[in-house]
Amino acid sequence: MRWIPFLILTLVGTLLQAGNLLNLIALGQWHIRPAPLIILLVFVAVHCRLREAVIASFLIGLAMDMSGHQMGPHTLSYCLAGGLLCQLSEYFPSRRMFHQAAMIFCVSLIAGTLAYWLGGLKTGEWQEFAYRVMFLTALYSACVGPLVWRFLRRLVHLVAIIPLSAARGGLR
Amino acid sequence: MAGRRFQLSNGALFGLLLCAGIVLLALPREKTQSVNYLFARLFSPLLRIGRSFPEFRAAMPHPDEQYVPREEHNKLWKNYKNLHAQLLRLQDDYQTLAKVRSGLPRFFSGLTIAEVVGAGGGLTQELLISKGAADGVRVGQYVLSPEQNSIVGVVRDAAERMARVRLLTDANQSIEVRIRRDGTPMDVGALMVGDGKRGCTVSLVEREKDIRVGDAVYAAARPGLLETPMIIGQVAEVVPDEDSPLLWKITVQPAENASTLKTVAVIVPEMTAPMRQ
């Protein structure tokens with residue numbers, strides 16, 4: 001994997017996540033926006049070898065924490081989610097948009113909830129309507145994710161992601 | 001003899017990165033927040049792109065007969081309420097300190113104008129502003145709207161050059177308030193907490209108190225931080241509390257939609273203002 005292009009891609013995702021550009025497509029009174037870093041995490045976890053997926057998940061989680069207000073919760077939850085997803089990815093199909101959306105929805109919900117609990121344990125602050133916001137964010141990301149997935153597939157060669165099917169000798 | 005390359009197994013690497021995450025989680029926030037501020041400072045021009053949120057319903061009720069534009073009406077309403085609070089304060093001073101010479105009371109001692117860099121991120125309702133401890137910004141200071149006529153939040157933490165403002169609508173933000181009605185001596189003290197969306201809630205107010213929709217809600221004066229009560233919003237709903245039928249559950253609609261602000265003013269007491277000013 002070429003780490004410099006991957007880091008640039010992660011930085012772009014972080015700026016979108018933390019910035020105001022996605023407000024243009026925000027919905028509802030809670031300003032629900034899609035989560036580009038989760039989409040990137042799922043894509044990388046499904047398409048990379050375990051070693052690269054774990055490191056990439058860690059870096060994505062770290063970027064998510066850096067753009068937020070506390071360090072640690074997303075780093076831990078994304079690393080866990082990415083590693084586990086990579087291990088299990090051979091059992092989950094990812095060719096169809098529906099499967100991609102389902103994976104993004106589940107990972108977003110699980111990683112987001114875990115990060116919220118860890119953040120709450122660290123600071124003692126709990127938010128009203130947190131689960132509702134996380135659910136809607138996961139849903140929105142799942143709807144938008146397959147479109148972003150197509151874009152990311154075109155960048156696979158740029159980032160030199162070796163598809164798992166090639167890494168495993170074409171078993172998938 | 002060639003040296004052997006030390007290689008971690010996949011499992012060991014995974015464990016190592018999880019441990020690194022746990023260490024980051026265990027570090028106190030005071031030590032790690034500089035990383036967050038550094039990121040915000042480095043990329044603030046890019047983060048600011050697209051600042052405006054989608055417009056929502058206006059915070060203030062629509063007048064039946066509109067003689068001026070709504071924005072102008074809102075501005076005039078807030079200024080009127082603040083002047084009324086100042087007048088009451090002046091009357092109290094005159095009655096109780098008539099024999100003692102006193103200076104004209106001021107709203108606040110000093111202001112620092114700051115740009116809103118972006119939202120704080122995550123599930124919180126916070127703003128990142130471009131002024132910090134070097135400009136006299138400290139935790140607990142009140143933050144005003146650009147017209148400096150209503151309170152929108154409180155400084156939550158401050159780095160050297162940036163600070164984080166927690167909006168009044170954040171579920172973890174509480175503020176002491178006074179509920180008043182024009183033409184009456186009513187002045188009910190209470191604690192207001194954000195509801196996590198676009199409003200705030202006041203609870204623990206006895207039902208004996210005559211609170212009505214439209215009553216003005218002020219931030220209570222705090223010596224050194226806010227010398228005269230300042231308007232926050234108005235009562236939007238008054239219903240009996242389902243958990244405690246002897247109490248009211250009051251919903252407050254803030255006068256300002258803080259999510260669209262591009263600049264704010266931080267009340268900086270003179271003793272913490274930077275020396276160069």
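How many aromatic pairs does a search of the whole structure find over all chains? In this predicted model, the count comes to six. A pair of aromatic rings is described by the distance of the centres and the angle of the planes. Take Tyr116(A) and Trp126(A): their ring centres sit 5.5 Å apart with 80° between the planes, an edge-to-face arrangement. This pair links distant parts of the chain, ten residues apart, with Tyr116(A) in helix H5 (residues 97-123) of chain A and Trp126(A) in the loop between H5 and helix H6 (130-154).

Tyr116(A) has another partner. Its ring centre lies 5.6 Å from that of Tyr131(A), and the planes meet at 85°, so this pair is edge-to-face too. Because Tyr116(A) belongs to helix H5 of chain A and Tyr131(A) to helix H6 of chain A, the contact ties together parts that are 15 residues apart in sequence. Put together, Tyr116(A), Trp126(A) and Tyr131(A) make up one aromatic cluster. As for solvent, Tyr116(A) is buried, at 10% relative accessible area, whereas Trp126(A) is partly exposed at 41% and Tyr131(A) is partly exposed at 47%.

Over in chain B, rings turn up with charges above them. Arg164(B) lies over the face of Tyr37(B), 5.3 Å from the ring centre. Likewise, the charged end of Arg207(B) is found over the ring of Trp248(B), at 5.0 Å from its centre.

Back in chain A, helix H3 covers residues 50-66. With 17 residues at 1.5 Å a residue, H3 should span 24 Å, and because its end C-alpha atoms are 24 Å apart, the two values agree. Plenty of names appear on the list of buried residues in H3(A), among them Val54(A), Phe58(A), Ile60(A) and Met64(A), along with the charged Glu52(A) and Asp65(A). What do the buried residues of H3(A) pack against? Within chain A, the partners are helix H1 (3-18), helix H2 (36-47) and helix H4 (73-88). Chain B joins in as well, through its helix H1 (10-26) and helix H2 (29-42).

Then there is the empty space. Rolling a probe the size of a water molecule over the atoms shows where empty space is left. Three cavities of 30 Å³ or more are held in the structure, and the second largest encloses about 70 Å³. Its lining has 13 residues, of which Ser67(A), Ala40(B), Leu47(B), Ala119(B) and Leu128(B) are the closest to the centre. In chain B, H2 and strand E1 (111-119) each supply at least two residues of that lining.

Conventions
Residues numbered from 1 in each chain as written. Chains lettered and ligands numbered in written order. Predicted model: local features only at pLDDT ≥ 70, side-chain atom pairs only at ≥ 80, totals over all residues. Heavy atoms only, no water. Phe/Tyr/Trp six-rings, centres within 6.5 Å; stacked < 30°, edge-to-face > 60°. Helix = DSSP H or I, 4+ residues; strand = E, 2+ residues; numbered from the N terminus. Buried < 20%, exposed > 50% of the residue type's maximum accessible area, 1.4 Å probe, protein only. Lys NZ or Arg CZ within 6 Å of the ring centre and 35° of its normal. Expected span 1.5 Å × (residues − 1). Contact = heavy atoms within 4.5 Å. 1 Å grid on protein atoms, 1.4 Å probe; cavity = no way out; pocket = protein on both sides within 12 Å on 5 of 7 lines; lining within 4 Å. Points joined across faces, edges and corners; volume = space filled by probe spheres on them.
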